Amino acid sequence: MTQTLQAAFEKTKSELTVTTEKLEEITNHFVEELEKGISPAGGNIPMNPTWVMDYPLGSETGEYLAIDLGGTNLRVIRVTLQGDSKFKSVNEKYPIPVPMRTGNKDDLFDFIAKSLDDFIKHQYGEDYKGEKLPLGFTFSYPAHQNAINHGVLQTWTKGFDIPGVEGHDVVPMLQASLDKLNTPVEVVALINDTTGTLVASKYCDTETIMGLIFGTGCNGAYYDFAKNIPKLEGKLASDINDKTPMAINCEYGAFDNDWKVLPRTKYDIQIDQESPRPGQQFYEKMIAGYYLGEVLRLILLDYYSQGLVFINQDIKSLQVPFAMDTSFPSMIEEHGPEYAGRLFKDTFNITLTKEEEKVISDLCQIIGTRAARLSVCSIAGICRKMNYKSGHCAADGSVFNRYPYFKERAAAALNELFKWNTDPNDYPIKLTHAEDGSGVGAAVIACLTEKRLLAGKSVGAKL
């Protein structure tokens, strides 16, 4: 490695390294922002009450439908809860036409309704005349809820920007489209996928204390107690007591939007400034899968501008924003420097020297390590807020499931914060694989909601 390239790499390594002391500082600020978000004044982290006010016991039974409106596909799921923490499910995916993501709201909800109608006919027969099927609607976009079966969209994300939906309740929009087709479905619960991850995982594992998403975006959910949520003061019905739980959808990708503790580099700042919504989701833009490849790309373009890499080569294809998704650093870290050489040649027609292969491989390791270490500050913050000493943190998402060494690095960072100093297999707080939150979780929440309604209990705020 040339001396100048070595110096640039060492500087980048220093900027991307998160020390134990920095983890502690970020975690302490996380606790403060969680508390601020749950206060009447609010804060960077929305801390949305979900009105899921029961713990699943694992004994719930019944048949439910669920839909998951993602960024690329609509997934429709038929879930049979069998009790004994067991379930069966079948699902179908319906690709969302790209123009629909910025088109007309009626087109979107009519598409969802038609897909659901087709699924029911396929699963139950063309002539199904039974009772209305209860539906859990997984709507993985920030929404304010005053009841489990209502949700006002706060802001579109994931490439959606459909007029006339932000600031409005999405449940009646979907129900109206279903009713136009006489589809035998009633939307009984609107949930976020992270809340679904929490509930589905707790249905299957009673030691679950959190539901987490580490994927294209990031988020977390946990159970607080309804009476301990200041922003709900005066809104709780009389049947809610000191022990009534309330699942909280944190939406903590917005942590530290005022930039007090996060160790942002010039590359993070550039990503934010060039994003559709600058000044928002600072934390997410540093740890989520959507951005990890972009961090690598910007570093390499910076090195190129200094004449350190890709000498006398055409890099136009690398100058396209987000030309490298997270699979680039993930696969390079998994397969090593020589794989980087093949990948850059095949994708960008750039020939790497052995030195460049090594630098890129090392950068991938540093970027992945930073993301894993920063990710656990949210977990540690919730644990400290709720005084959790043990439990399972159920995680899902492409980064958690597929990014090399993410789980091991996250566990090591948690150990640094909590100082367990024991074998990793004996850590009292463990990251575990989550159950299907958008499918099973939505079904379990629909089941819990039905039970509350049958018992004459509240499912929303006292307005």
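Helix α2 passes helix α11 in a right-handed crossing, and since this is a predicted model, I will speak of everything that follows as computed from predicted coordinates. The two helices cover residues 20–37 in the case of α2 and residues 354–386 in the case of α11, and their axes come within 8 Å and cross at roughly 50°. That angle makes α2 oblique to α11, because oblique is the class for angles that are neither roughly parallel, which ends under 35 degrees, nor roughly perpendicular, which covers 65 to 115. On the α2 side the contact is made by T20, L23, E24, I26, T27, N28, F30, V31, L34 and E35, and on the α11 side by R373, L374, C377, S378, A380, G381, I382, R384 and K385. If we divide the residues of this contact by character, we find nine nonpolar, five polar and five charged.

Let me stay with α11 and turn to another helix that packs on it. Helix α8, residues 289–305, packs with α11 at an angle of about 140°, and the axes of the two are 10 Å apart. This pair also counts as oblique, because the class of roughly antiparallel begins only over 145. The crossing of α8 with α11 is right-handed. Here L292, V295, L296, I299, L300 and Y303 of α8 meet V359, I360, L363, C364, I367, R370 and A371 of α11. What is the make-up of the contact of α8 with α11 in nonpolar, polar and charged residues? There are twelve nonpolar residues, no polar ones and one charged.

Now to the sheet on which α11 packs. Six strands form this open sheet, in the order β1-β11-β10-β9-β12-β13, with mixed pairing. At its edges stand β1, residues 48–49, and β13, residues 429–433, each of which pairs on one side only. Within the sheet, β9 (residues 208–214) and β10 (residues 218–225) run antiparallel and are joined by five bridges, and M210 stands opposite Y222 in β10. Helix α11 touches β9, β10, β12 and β13 of this sheet, and its direction makes about 155° with that of β9.

The other sheet I want to describe is also open and mixed in its pairing, and it has five strands in the order β4-β3-β2-β5-β8. Because β4 (86–95) and β8 (185–191) stand at the edges, each with a single partner strand, one side of each is left without a neighbour in the sheet. From one strand to the next the twist averages 25°. Strands β2, residues 61–69, and β5, residues 133–139, run parallel and are joined by five bridges, and the bridge partner of I67 is F137 in β5. Helix α14, residues 437–454, packs on this sheet and touches β2, β3, β4, β5 and β8, with its direction at about 130° to that of β2. Helix α5, residues 193–204, lies across β3, β4, β5 and β8, and runs at about 25° to β3.

I will finish with a single residue, K345, whose place is in helix α10, residues 337–348. Its relative accessible area is 40%, so K345 is classed as partly exposed, the exposed class being reserved for values over 50%. Which residues does K345 contact, once its neighbours within four places in sequence are left aside? They are I350 and T351. From Q145, K345 is 200 residues away in sequence and 49 Å away in space, C-alpha to C-alpha.

Note on methods. Residues are numbered from 1 along each chain as its sequence is written. This is a predicted model: local features need pLDDT of at least 70, side-chain atom pairs count only at pLDDT 80 or more; totals for chains, interfaces and linings use all residues. Side-chain values use heavy atoms; hydrogens and water are left out. Two strands pair if DSSP finds at least two bridges between them. Helices (H or I, at least four residues) and strands (E, at least two) are DSSP runs, numbered from the N terminus. Axes are lines fitted to C-alpha atoms, for helices over the stretch in contact, and angles run from 0 to 180 degrees between N-to-C directions. Contact means heavy atoms within 4.5 Å. A crossing is left-handed if the near helix is turned anticlockwise from the far one by less than a right angle, and right-handed if clockwise. Ala, Val, Leu, Ile, Met, Phe, Trp, Tyr, Cys and Pro count as nonpolar, Asp, Glu, Lys and Arg as charged, and the others, Gly among them, as polar. Buried means under 20% relative accessible area, exposed over 50%, partly exposed in between (1.4 Å probe, protein chains only).
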